[in-house]
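Here are a few short exercises to work through with the model open beside you. Take each task on your own before reading its solution.

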Amino acid sequence: MSVELSDAEMLRYNRQIVLRGFDFDGQEKLKASRALIVGLGGLGCAAAQYLAAAGVGQMTLLDFDTVSLSNLQRQTLHSDARIGQPKVESARDSLSRINPHVQLICIDSQLDDAALAAQIAAHDVVLDCTDNVQIRNQLNAGCFQHKTPLVSGAAIRMEGQISVFTYQAGEPCYRCLSRLFGENALTCVEAGVMAPLVGVIGSMQAMEAIKLLAAYGTPAAGKIVMYDAMTCQFREMKLMRFTGCEICRPV
């Protein structure tokens, strides 16, 4: 794929290109990049539409679920007409309307460790938009193996959080975080979630991914950024590497 911007793309992305320090170089980096989005629910829909609109050149959409009526309250790429359709296909159709310049690849499957690791190795960033701790840990292991940055988001009730893992020396990995709350974390099916919350966190995931891909700004690595929608407050907490972590401890 050519990374040179067409005239139409220059006009489409003008408001980003004029950003100080971003320029044509940053936009061409986005066009040349490949993002793997795992989970096309609330977080994935929000993140994917902004990555597409911003001009990420190739996006792989990975999910094994189908659209249901209860999804439509927050999963904005889907619609009533697509109930029963695979989420990746529904999302692809919507994203192609947002930006026809983006190459979209669908994987309607739950991948084993080897297949997932192969996908991770073929991408420049991974967005964890799932609500399953086991899959999150699986993604983390593959990303650590290939040193592919992982942007992880979570949203439930009126609370959300985001963390970025770049797997540099001394930095924590997602397993250092997930061991703090165990394997039995609640999902929005059990606890509920307010519709705009997933938009806030998913959009933040897209922003962090763009920063990583374009080497623009400072990623939220080594910390947890938490959002309390009830009080409209953000706070952050440093995330320490667990010295005995089975994933990121020194060999």
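**Exercise 1.** How do the residues of the lining of the second largest pocket divide into nonpolar, polar and charged?

*Solution.* Keep in mind that this is a predicted model. Start by listing the lining: Gln16, Leu19, Phe22, Leu30, Tyr50, Ala54, Ser203, Ala206, Met207, Ile210, Lys211 and Tyr216. Next, sort these residues by type, which gives nine nonpolar, two polar and one charged. Then look at where they come from: α4 (42-54) and α10 each supply at least two of them, and α10 gives the most, with five. The space in this pocket comes to about 200 Å³.

**Exercise 2.** Find the helix that gives the most to the largest nonpolar core.

*Solution.* Begin with the core itself, which has 40 residues. Leu30, Ile37, Leu51, Met59, Leu61, Leu95 and Leu127 have the most contacts inside it. The helix to pick is α10 (residues 195-214), with eight residues in this core. Now zoom in on Leu51: leaving aside residues up to four places away in sequence, Leu51 touches Ala35, Ile37, Val56, Met59, Leu127, Ala206, Ala209 and Ile210. Another core, of 23 residues, lies apart from the largest one and includes Leu116, Ile120, Val126 and Ile135.

**Exercise 3.** How many disulfides does the structure hold?

*Solution.* Apply the cut-off: the two cysteine sulfur atoms must be within 2.5 Å. For Cys245, the nearest cysteine sulfur, that of Cys173, is 3.6 Å away. Cys245 is buried, at 0% relative accessible area. For Cys248, the nearest is the sulfur of Cys176, 3.5 Å away; Cys248 also counts as buried, at 10%. Neither Cys245 nor Cys248 is in a disulfide, and the total for the structure is zero.

How values were computed:
Residues numbered from 1 in each chain as written. Predicted model: local features only at pLDDT ≥ 70, side-chain atom pairs only at ≥ 80, totals over all residues. Heavy atoms only, no water. Buried < 20%, exposed > 50% of the residue type's maximum accessible area, 1.4 Å probe, protein only. Core = buried A, V, L, I, M, F, W, Y, C linked by side-chain atoms within 4.5 Å. Helix = DSSP H or I, 4+ residues; strand = E, 2+ residues; numbered from the N terminus. Contact = heavy atoms within 4.5 Å. 1 Å grid on protein atoms, 1.4 Å probe; cavity = no way out; pocket = protein on both sides within 12 Å on 5 of 7 lines; lining within 4 Å. Points joined across faces, edges and corners; volume = space filled by probe spheres on them. Nonpolar A, V, L, I, M, F, W, Y, C, P; charged D, E, K, R; others polar.
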